[in-house]
Amino acid sequence: MKILNPPDPLSGRKGLFTSGIISVSVDNKRIALFFTGRRHAGENLAELLRRRDERLDKPLQMCDALSRNLPEKMKTLVGHCLVHGRRGFVQAAVSFPDECRYVLELLKEVYRIDDEAKGITDEERLSWHQQYSGPKMAELEAWLHEQIDQRLVEPNSSLGEAIQYMQNHWQELTLFLRQPGAPLDNNICERALKKAILHRKNAYFYKTETGARVGDFYMSLIHTCELNEVNPFDYLTALQKNQARLTAEPAQWLPWNYQKTLQASAPA
């Protein structure tokens, strides 16, 4: 998002960035957060994690492989988006149709296996992937090494670059084979960022950093409602009508429980 009167440059930066963070809890509650300003995504995430209880286990972070997505000095279990790894082969398919088809068909099977694992526990899903996706990813890894080691592909070609990307980030791309609950990709956050793109298309810009903060705040609330299948207009209306109670007990006025709070206080 553009800010007409942007904040002072941070470490000499001239760019402005909008970061999207989606939090998914163990009971599948989802929270969307948007941040617009000079900070990169990793810096926004680090600021958020500083408020997290240090006694909790390290959070699982799914993102693409850009270094600025990683929070410095804050430990996370990092997984990289398999769709980003796949994208290089999609782009190279025009010049290398047979090789790319092989990779894309293998990844298609992994996604089919993941789809079959819906509705089971994270531990069961991990075992499922280890049993069925593990051999396919091992086959893919061996094929990737073969192309480079036997000089079957030019490293600087589009196919070579796609192969090297997957090799360089293999551990992060295959976190779902070792960590319960690790997703295959970052699609949920990619979809969230389309909200910011749509807002930019309609509103063009913010005037000040304060305006951007307010816009991010409401976009976060609205998309959090959408992620939890709650009507945003009804939710925001309820917050306005119950400001005093909201201030006293904010945990009772989250999108997934505010209706129970209203029902509990309704006259018999």
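Which exposed residues are carried by the face of H9 turned away from its buried side?

## The two sides of helix H9

In this predicted model, the face of H9 that is turned away from the buried side carries the exposed residues Phe233, Gln240 and Lys241. The buried residues of helix H9, which spans residues 232–241, are Pro232, Tyr235, Ala238 and Leu239. Because these four cover an arc of only 130° around the axis, they lie on the same side of H9. A general feature of helices helps in reading such a pattern: an α-helix has 3.6 residues a turn, so residues three or four places apart point the same way.

The buried residues of H9 are covered by elements that include helix H8 (209–227), helix H10 (243–248) and helix H11 (258–265).

## Helices H2 and H5

Helix H2 (residues 82–92) packs with helix H5 (residues 158–168) at an angle of about 170°, and their axes are 8 Å apart. An angle over 145 degrees counts as roughly antiparallel, and H2 and H5 are therefore roughly antiparallel to each other. The crossing in which H2 passes H5 is left-handed.

On the H2 side, the contact is made by Leu82, His84, Gly85, Gly88, Phe89 and Ala92, while H5 contributes Ser158, Leu159, Ala162, Ile163, Tyr165 and Met166. Sorted by character, the residues of this contact between H2 and H5 comprise 8 nonpolar, 4 polar and no charged.

## Helices H3 and H4

Helix H3 (residues 97–116) and H4 pack at an angle of about 175°, with 9 Å between their axes, and they are therefore roughly antiparallel to each other. Among the residues of H3 that take part in the meeting are Glu99, Tyr102, Leu106 and Asp114, and among those of H4 are Arg125, Trp128, Lys136 and Trp143. The residues of the contact of H3 with H4 divide into 11 nonpolar, 2 polar and 7 charged.

## Gln147 in helix H4

Is Gln147 buried or exposed? This residue is found in helix H4, which runs over residues 122–149. Gln147 has a relative accessibility of 7%, and because buried means under 20%, Gln147 counts as buried.

When its neighbours within four places in sequence are left aside, Gln147 is in contact with Leu152, Val153 and Ile163. Ile163 has also appeared above, as one of the H5 residues that make the contact with H2.

Note on methods. Residues numbered from 1 in each chain as written. Predicted model: local features only at pLDDT ≥ 70, side-chain atom pairs only at ≥ 80, totals over all residues. Heavy atoms only, no water. Helix = DSSP H or I, 4+ residues; strand = E, 2+ residues; numbered from the N terminus. Buried < 20%, exposed > 50% of the residue type's maximum accessible area, 1.4 Å probe, protein only. Contact = heavy atoms within 4.5 Å. Axes fitted to C-alpha atoms, helices over the stretch in contact; angles between N-to-C directions. Parallel < 35°, antiparallel > 145°, perpendicular 65-115°, else oblique. Left-handed = near helix turned anticlockwise from the far one by under 90°. Nonpolar A, V, L, I, M, F, W, Y, C, P; charged D, E, K, R; others polar. Arc of directions from axis to C-beta.
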